[in-house]
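Let's take a look at how a protein holds on to its metal. Have the sequence and the 3D view ready, and follow along.

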Amino acid sequence: MSQSELVELLREAVAREMQVSIQYMWQHVLWRYPIDTNVRSELKRIAIVEMKHAEKIAERLIELGHTPPTDPSPVCIGAGPEEIADIDINAEQGAIQLYTRILDLARQLNDYKTHELFQQILKEEEEHLRFFQQLKARATAQQ
Ligand SMILES: [Fe+2]
Ligand SMILES: [Fe+2]
């Protein structure tokens, strides 16, 4: 456990936040499935939340004396509500796993500011996960 390990995880977090921000915004733009127009606006709302996460984590990296990455992790859009839900559930579960690790590491390093930031972000990722799980349940029920 070290500061450099934490920095690497924070850089990974920024790349992932940029990825899901683009991913959800493009799913919002490209959505053409007759389920619920609320799904489209929720995708847009969450995309903006993810970009704010990227901003906050990037700012924390700068405070710690490091440069945030500028390239997102690979974006995956998917075709159809069920596939989109699966891809996004996977992305949110990955974020929750990564942020749980960051929280552990920040606690061990007595980095209270990073810890507080990720407690807030993790709560929002758990809400996102619930939204995509509901989307998946609805998509499955409509088949
Ligand atoms: Fe996020
Ligand atoms: Fe999220």
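## Iron ion (ligand 2)

Start with the iron ion (ligand 2), whose protein donors are E50 (OE), E92 (OE), E92 (OE), E125 (OE) and H128 (ND1), sitting at 1.9 to 2.4 Å. Keep in mind that what you're looking at is a predicted model. Read along the chain, the donors of this iron ion (ligand 2) fit the spacing E-x41-E-x32-E-x2-H.

Among these donors, E50 and E92 link distant parts of the chain: E50 belongs to helix α2 and E92 to helix α3 (residues 81-108), 42 residues apart. Are they buried or exposed? With 1% relative accessibility, E50 counts as buried, and E92, also at 1%, counts as buried too. The cut-off for that label is under 20% relative accessible area.

## Iron ion (ligand 1)

Now for the iron ion (ligand 1). Its protein donors are E17 (OE), E17 (OE), E50 (OE), H53 (ND1) and E125 (OE), and they lie 2.0 to 2.3 Å from it. Here the spacing along the chain reads E-x32-E-x2-H-x71-E.

E17 is found in helix α1 (residues 3-30) and E50 in helix α2 (residues 37-63), so this pair ties together parts that are 33 residues apart in sequence. Both E17 and E50 are buried.

## The bridge

How far apart are the iron ion (ligand 1) and the iron ion (ligand 2)? They are 3.8 Å apart, and E50 bridges them. That's a handy residue to click on in the 3D view, since E50 coordinates both ions.

Conventions: Residues are numbered from 1 along each chain as its sequence is written. Chains are lettered from A and ligands numbered from 1 in the order in which they are written. This is a predicted model: local features need pLDDT of at least 70, side-chain atom pairs count only at pLDDT 80 or more; totals for chains, interfaces and linings use all residues. Side-chain values use heavy atoms; hydrogens and water are left out. Donors are N, O and S atoms within 2.8 Å of the metal (3.2 Å for Na, K and Ca); water is not among the atoms, so sites may look incomplete. Helices (H or I, at least four residues) and strands (E, at least two) are DSSP runs, numbered from the N terminus. Buried means under 20% relative accessible area, exposed over 50%, partly exposed in between (1.4 Å probe, protein chains only).
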